[in-house]
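Reader: I have just opened this one and would like to be walked through it slowly. Could we take it one piece at a time?

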Amino acid sequence: FSQAVATGDSGALAPLLADDYVSIDHRLIGFGELDRETTLAAVAARGDTLGSGAIVSSEVRVRPGLVHAAYEVRTRSSAGSDLEDAAVSILQVGDGQVVHLELFDEGDWAAAETRFEEQGRAAKENLAARRNREVIRRWMSDGPEAVRGLVTEDYHLADHRPGLTAEHAGV
């Protein structure tokens with residue numbers, strides 16, 4: 001991921017980003033919210049404009065599905081100018097792809113740390129939610145046979161959401 005971004009290689013980056021990828025740039029002078037296609041276009045433009053660079057991480061924390069890092073981007077433009085940018089990031093990974101990225105100003109480690117803790121708690125919930133969405137998607141598109149391999153024999157669904165209360169055992 002970092003190598004593809006640093007070198008402006010959107011072709012190498014594309015298979016690493018989930019279809020529903022979103023990045024949120026909280027930096028004072030940042031990009032705001034970007035979806036997958038806009039991110040790929042921005043990375044390609046970066047490569048065309050700034051040339052190749054390197055991302056150097058100075059502090060990294062890892063939890064299942066999350067990477068929290070302070071880093072510098074070092075680039076030499078095609079005109080020979082050396083450029084540096086520093087930030088703090090939180091990268092969320094799911095099913096082998098980057099799902100979500102948040103960027104913070106270099107000095108905003110506390111806000112990034114708070115967000116990292118929040119996402120760490122949410123990531124545990126999201127694993128079950130993602131599995132459930134996949135079961136429902138397959139069931140709706142291909143019927144019960146399509147989900148048999150995703151659930152165990154003692155599968156039990158208990159949905160207690162207001163207005164959607166339902167229980168179901170087995171496939």
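Author: Let us begin with a term: two strands are said to pair if DSSP finds at least two bridges between them. Please keep in mind that this is a predicted model.

Reader: Thanks. Which strands form a hairpin with two residues between them?

Author: That hairpin is made by β5 and β6, and aspartate 95, which sits in the turn, has a positive phi of about 55°. Strand β5 covers residues 82-94, and its pairing with β6 runs in the antiparallel sense over eight bridges. Within β6, leucine 101 is the residue that stands opposite leucine 91.

Reader: And β6 itself, how many of its nine residues are buried?

Author: Seven of the nine are buried, so strand β6, residues 97-105, is described as mostly covered, where buried means under 20% relative accessible area. Besides β5, strand β6 also pairs with β1 (residues 17-25), this time in the parallel sense and over five bridges. Leucine 17 has valine 98 of β6 as its bridge partner.

Reader: What is the order of the strands in the whole sheet?

Author: The sheet is open and has six strands, in the order β2-β1-β6-β5-β4-β3, with mixed pairing. Its edge strands are β2 (32-35) and β3, each of which pairs on one side only. On average, neighbouring strands of this sheet are turned by 20° against each other, if direction is ignored.

Reader: How many bridges join β3 and β4?

Author: Ten bridges join β3 and β4, which pair in the antiparallel sense, and isoleucine 55 stands opposite valine 73 of β4.

Reader: Which strands does α3 lie across?

Author: Helix α3 lies across β1, β2, β4 and β5, and it runs at about 70° to β1.

Reader: Changing topic: how much space lies in the largest pocket, and which residues lie nearest its centre?

Author: About 880 Å³ of space lies in the largest pocket. Its lining is made up of 35 residues, and those nearest the centre are Val5, Arg27, Tyr71, Val73 and Leu103. Sorted by character, the lining residues are 22 nonpolar, seven polar and six charged.

Reader: Where does the largest share of that lining come from?

Author: Strand β5 gives the largest share, with six residues. At least two residues each are supplied by α1 (2-7), β1, α3 (36-50), β3 (53-63), β4 (66-76), β5 and β6.

Reader: You named Arg27 there. Why does arginine 27 count as buried or exposed?

Author: Arginine 27 counts as buried because its relative accessible area is 11%, and the cut-off for buried is under 20%. Arginine 27 lies in the loop between β1 and β2. Leaving aside residues up to four places away in sequence, arginine 27 touches Asp85, Ala87, Leu103, Phe104 and Asp105.

Reader: What does serine 89 touch?

Author: Serine 89, which is found in strand β5, touches Val67, His68, Ala69, Tyr71, Leu101, Glu102 and Leu103, again not counting residues up to four places away in sequence. With a relative accessible area of 10%, serine 89 is buried.

Reader: One last residue: where is arginine 137?

Author: Arginine 137 is in helix α4, residues 109-142. At 47% relative accessibility, arginine 137 counts as partly exposed. Valine 147 is ten residues away along the chain, and the C-alpha atoms of valine 147 and arginine 137 are separated by 9.2 Å.

Conventions. Residues are numbered from 1 along each chain as its sequence is written. This is a predicted model: local features need pLDDT of at least 70, side-chain atom pairs count only at pLDDT 80 or more; totals for chains, interfaces and linings use all residues. Side-chain values use heavy atoms; hydrogens and water are left out. Buried means under 20% relative accessible area, exposed over 50%, partly exposed in between (1.4 Å probe, protein chains only). Helices (H or I, at least four residues) and strands (E, at least two) are DSSP runs, numbered from the N terminus. On a 1 Å grid over the protein atoms alone, a cavity is a set of points where a 1.4 Å probe fits but cannot get out, and a pocket is an open set with protein on both sides within 12 Å along at least five of seven lines; lining residues have an atom within 4 Å of a point. Grid points are joined across faces, edges and corners, and a volume is the space filled by probe spheres set on the points. Ala, Val, Leu, Ile, Met, Phe, Trp, Tyr, Cys and Pro count as nonpolar, Asp, Glu, Lys and Arg as charged, and the others, Gly among them, as polar. Axes are lines fitted to C-alpha atoms, for helices over the stretch in contact, and angles run from 0 to 180 degrees between N-to-C directions. Contact means heavy atoms within 4.5 Å.
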